[in-house]
Amino acid sequence: MTTAPHSVNLEEELAAIWAELLGLTPDAVPADVSFLRLGGDSVLTVRMSALVRRRLNVVLALSDVRVEITLNQLADLVRRRASDEPMTRTLPLQVTRRPDPHAEFPLLPLQQGYFVGQQDGWELSYDSAHYYLDYALRGVDGDEAGDALSDAIERLAVHQPTLRARVTPEGRQRVLADGAPLLKVYDLRASTPQDAAAALAEVRQEMSTRGPDPTSGPGLDIRLTLLPEGEGRLHLGFSLLTFDGWSSGVLSRDLLAYATDWNAVLPPLEVHFGDYVTALADLPKTEAWQADRDWWFSRLDELPLPPALPLAADPKDVRPVTMGNREHRWSAERWSALRRECARREVTPSTAMLTAFAIVLARWSGHRRMLLNSLQLNRLPLHPDLHRVVGAFASTMLLPVELAHGATFAELAAAAQKTSGEHAAHNLITGVEVGRELARRRGTWRPVGPVVFQSVLGVDAAMGSRPPEEAGPLGRIIAGDYFHQLRTPQVALEVRCFEIGDEAVAVFSLVDELFEATQVTAAFTEFVALVDDLADGSGWDLVPQLPETTDLPDGEDGPRLGRLPETASGQYSGPPADDLEQTVAEVFEELLEVPVLDRGADFFALGGDSLLAVRTVVRLAKEIGVTVPVREFLSDPTVAGVAHTARSRMGGS
């Protein structure tokens, strides 16, 4: 039985938690005002749930802690949970240490997507899915900084085993018994400004285009550039296969804590990422997961297509190297004003950004109903240490948006928040899993959600502190002086919203080759203007100009995102025609565990997915001595089609 809170006054305990999260005093937390109205957001609810668990020994499901909750409602929820009253979203899962911490464990669904992308399986793929960041250092002790940072990396690899993670060719992961990423130091202290700038540009180019890849080495690349006059740059390359956005924040804090103090000791972690993933193996057996799957699958046939953005090229013909950026930063005053305006209307800043993005997409594409993809933190609250653990926890969520014609911005934002909350409440099945089923039903091999919204606004507050500003021998961290690049498979356009200190930033990251540059610039300018009007307070009651059309009609001129032709699979029937087709059929049978008797049998119709496709390619290579490119496998995944591709690779007809 769950232990009841030992507080004499539960409301006072919860008010103290809210005050800590929101920067208030406990007596300034009314019992009947929503968390959102007081300045909270969906990211902070994650931290709230963690604090309730740690301090009151009560486990709350994330879906039950909505931003609209009041202190009174939260107290009632905690009391019911503490009394063991059945909760609709209670998960009978426990995260415990694995007997063998170095045993293989599976990839989570989003990791699988990144892994397949790195095999050139999807259009808009890269040989490494990663995020690169560097930022300025001042007052660096050039003689000590390298040793301090190298020592910090070694200690961090013990504390956070994910730094030692590797991904196998068949798409599983494991943690090595020892070893840590190696630090590279570039000593440019004696260089001229011109030479230093050129060397820095070379490092950025290399780390942006050749990211860390845990299939062949560490998933983290850390480098340090020492510059004249005590300045420097700290370079960080994160593989998306092993780290998510929250983890990059945890890792940076831990790394700098070790680098600042040779004697620093961080609180030990009771569990690690592999323990969490192993516990999730039983998730599909739970009633809650099955209910979420049924909820999503019952709505799939009604989901809209992605925004029909006009294209300059077909994504299948593009081989991007990096994603382009359009970026805007709002000052501390403007960002504070926007948060106040959002709180007044009980809309999260993330929802305001999402609504502005949707309006821009509607104008750009010519229709008001669309499917977006949203990146979610999605750390299920199964253990109190999980918010301090590094790993690729993130998932995606498909989000249908329909902008009502004639509605004010405030009304559109309220509708978007309601829709987002309803869909996030069914987060046990991820957007990757939902997208696979949607792709099957639509008969498409193209990405179903190539336009992405990502917001980590409020993540510093959710973590309980801002990143450190002083780092011992590394000097003072100037986080606002940064450079970054992103490479995400299957994404045509992504907006990312985050904070740097007291300021807010929004970035359009996109595959430049797909769009006309003038259209992108115009769309981003519109987005910034909409958000500026919200900060002023003048934009909320305005009725945005939107297209009359709900869905884009057929027959529009020129290529459009989400409305592109598919590569038709061959029409085959009958038993395997030769030994090669028979071998392909047998490999299909082995991995899919179903009979395969027809040469026209489709891998995905038989229950396959993209990760199994990679494993099939690996297995086939062992059987026939020829590697079928994953992208070609996916373009005609029938027995005969795969055999035809293999035969062409052998030099046959």
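**View 1. Asp578 sits at the start of helix H16.** Here a side-chain oxygen of Asp578 comes to within 3.2 Å of the backbone nitrogen of Leu580. The model shown in these views is predicted. Look next at the other end of the helix. Just after H16, Glu593 has a positive phi of about 55°.

**View 2. Helix H16 covers residues 579–592.** The helix holds 14 residues. From its first C-alpha to its last, H16 reaches 20 Å. That is close to the 20 Å expected at 1.5 Å a residue.

**View 3. H16 has a buried side.** Which residues of H16 are buried? They are Leu580, Glu581, Val584, Ala585, Val587, Phe588 and Leu592. These residues cover an arc of only 160° around the axis, so they lie on the same side of H16. What do the buried residues of H16 pack against? Their partners are three helices: H17 (610–624), H18 (630–635) and H19 (639–650).

**View 4. Strand S4 pairs with strand S1 and with strand S3.** S4 spans residues 172–175, S1 residues 105–106, and S3 residues 165–167. S1 and S4 are antiparallel, with two bridges between them. Find Phe105: Gln173 in S4 stands opposite. S3 and S4 also run antiparallel, and three bridges join them. On this side, Arg166 stands opposite Arg174 in S4.

**View 5. A hairpin links S3 and S4.** Four residues lie between the two strands. Gly171 is in the turn, and its phi is positive, about 85°. Now follow the chain into S4. Which residues of S4 are on its covered face, and which on its uncovered one? Gln173 and Val175 are on the covered face. Arg172 and Arg174 are on the uncovered face.

**View 6. Asp275 is a buried residue in helix H8.** Helix H8 runs over residues 273–279. Why does Asp275 count as buried? Its relative accessible area is 6%, and buried means under 20%. The side chain of Asp275 reaches the backbone nitrogen of Arg98 at 3.0 Å. Which residues does Asp275 touch, leaving out those up to four places away in sequence? They are Val95, Thr96, Arg97 and Arg98. Arg98 thus appears twice in this view: in the list of residues touched, and as the owner of the backbone nitrogen that the Asp275 side chain reaches.

Terms used
Residues numbered from 1 in each chain as written. Predicted model: local features only at pLDDT ≥ 70, side-chain atom pairs only at ≥ 80, totals over all residues. Heavy atoms only, no water. Buried < 20%, exposed > 50% of the residue type's maximum accessible area, 1.4 Å probe, protein only. Pairing = 2+ DSSP bridges. Polar contact = N/O pair within 3.5 Å; in protein donor to acceptor, adjacent residues only side chain to side chain. Contact = heavy atoms within 4.5 Å. Expected span 1.5 Å × (residues − 1). Arc of directions from axis to C-beta.
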